[in-house]
Amino acid sequence: MEGVPSTARHTFASDNWAGVHPEILDAVARANDGSHAPAYGADPWTAEAHRLLAEHFGPGTHVYFAFNGTGANVVGLQSLLRPFEAIVCADSAHINVDECGAPERFLGSKLLTVSTPDGKLTPSLVAGLVGGIGDEHHVQAKVVSITQSTEVGTVYSVDEIGALAEWAHAHDLLVHLDGARIANAAAALDVDFGVFGQSAGVDLVSFGGTKNGALGAEAVITFRGEAETGLKFIRKQSMQLSSKMRFVAAQFVALLTDDLWLRSARHANAMASRLGLGASAVPGVSLVYPVQANGVFAVLPPPVTSALQSEYPFYLWDESTGVVRWMTSFDTTEADVDGFVARLAELMGVVGCAVGRAVGRAVGRAG
């Protein structure tokens, strides 16, 4: 469109930068067939999306669609706790770092954070934050929130989630799973995403569609009844109830039909694996975490980061350490990856030569 700036190539900034999958756009267009349909979810598209999600997660699944991931997290978590109760999460968790304090503001609940070596919580890490139970002077830990896949691209195994959930329930805690990239995690483990739900002991899932190719489509998946959660009221009060919900639901129908969710996630993961292998082969580039889903984390010299970002936008993850994050998506191509790696190698070669010359001069002066 004239006057609207656009990047010339695919980027590695975020799977949020990617467009909408064509099959999902087609589904939205079909839902917009010119006829009227009941509002607020009383339509056949929403009913079908609920049915499809229940096929994956099992009986007793309740679905509440939302507009965005932060909204899904806040709405879901609100159904699990009271203001004097706290959420235990990794210090890298999205609810702690990237939601502008929304959980604290709208829930009135404290986040209890713990450092993790790989973005994943364990019973022993959580246990260190659960104390003062029953003491009115202490905030009461109530929810353990995990992210699948994690913010650093690692993936919980089904057994790891199950062990954590078993420990949490034994200590009267509930488990929330932030599944912004749940499809990528399932594809990485070659399992259905439903295994991360009630069968693993998870009480509530924030299910991400947007990063998997949808257009502003997320869902709160709970295995507790409406009388217990009040979620239909919480969602409305939290401004996450869509009036024309059929256009959100139609996207989930598309994702869950013919395994589009899995095809897209597998492709994104494969491109991340290709990127990780290529980048790690470049002298001077080191990966920080194993590449398990669709994220690659590496350490680069600052001049290389700046030069590369000017051509291929991506985020500097940690300025103090030089760690950068590269994300792939359903529309990343092999040519995108190979071009990026080739340019990275060129820039690292220039930096390497400059460092070598500087060292040579220093040695000469010392001699």
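This is a stop-by-stop tour of a predicted model, with selections to make at each stop.

Residues are numbered from 1 along each chain as its sequence is written, and side-chain values use heavy atoms, with hydrogens and water left out. Because the model is predicted, local features need pLDDT of at least 70 and side-chain atom pairs count only at pLDDT 80 or more, while totals for chains, interfaces and linings use all residues.

**Stop 1: the seven-stranded sheet**

Select the strands β1 to β7. Strands here are DSSP runs of E with at least two residues, helices are DSSP runs of H or I with at least four residues, and both are numbered from the N terminus. The seven strands make an open sheet with mixed pairing, in the order β1-β7-β6-β5-β4-β2-β3. Two strands count as paired if DSSP finds at least two bridges between them. At the edges are β1 (62-66) and β3 (111-114); each has a single partner strand, so one side of each lacks a neighbour in the sheet. From one strand to the next, the twist averages 20 degrees.

**Stop 2: strand β4 and its partners**

Now select residues 140-147, which are strand β4. Is this strand enclosed or open to the outside? Eight of the eight residues of β4 are buried, so the rest of the structure largely encloses it. Buried means under 20% relative accessible area, exposed means over 50%, and partly exposed is in between, with a 1.4 Å probe and protein chains only.

Add residues 85-90, strand β2, which pairs with β4 in the parallel sense over four bridges. Within that pairing, I87 has V143 of β4 as its bridge partner. Then add residues 174-179, strand β5, which runs parallel to β4 and is joined to it by five bridges. V143 stands opposite L174 of β5, and V144 stands opposite V175 of β5.

Show residues 158-170 next. This is helix α7, which lies across β4 and β5 and runs at about 145 degrees to β5. Such angles run from 0 to 180 degrees between N-to-C directions; axes are lines fitted to C-alpha atoms, for helices over the stretch in contact.

**Stop 3: helices α8 and α12**

Select residues 182-189 (α8) and 260-280 (α12), whose axes come within 8 Å and cross at roughly 75 degrees. The two helices are therefore roughly perpendicular, a label for 65 to 115 degrees; under 35 is roughly parallel, over 145 roughly antiparallel, and the rest oblique. On the α8 side, the contact is made by A183, N184, A186, A187 and A188. On the α12 side are W261, L262, A265, R266, A268 and N269. Contact means heavy atoms within 4.5 Å. The residues of this contact divide into eight nonpolar, two polar and one charged. Ala, Val, Leu, Ile, Met, Phe, Trp, Tyr, Cys and Pro count as nonpolar, Asp, Glu, Lys and Arg as charged, and the others, Gly among them, as polar.

**Stop 4: Q251**

Show the side chain of Q251, in helix α11 (residues 246-256). Q251 counts as buried, at 3% relative accessibility. Which backbone atom lies 2.5 Å from a polar atom of this side chain? The backbone nitrogen of L215 does. The backbone oxygen of F247 lies 3.0 Å from a polar atom of the Q251 side chain. Beyond its neighbours within four places in sequence, Q251 is in contact with I24, V28, A214, L215, G216 and A217.

**Stop 5: strand β9 and V299**

Select residues 295-299, strand β9. Four of its five residues are buried, so the strand is largely enclosed by the rest of the structure. Strand β8 (residues 286-287) runs antiparallel to β9 and is joined to it by two bridges. Strand β11 (residues 323-327) also pairs with β9 in the antiparallel sense, over five bridges. In β11, V324 is the bridge partner of A298.

V299 lies in β9 and is partly exposed, with a relative accessible area of 29%. S286 stands opposite V299. Leaving aside neighbours within four places in sequence, the contacts of V299 include G284, V285, V288 and T321.

**Stop 6: A127**

Finish at A127 in helix α6 (residues 123-127). A127 counts as partly exposed, at 34% relative accessibility. Measure from its C-alpha atom to that of V28: the two residues are 99 apart along the chain, and their C-alpha atoms are separated by 45 Å.

Notes: Polar contact = N/O pair within 3.5 Å; in protein donor to acceptor, adjacent residues only side chain to side chain.
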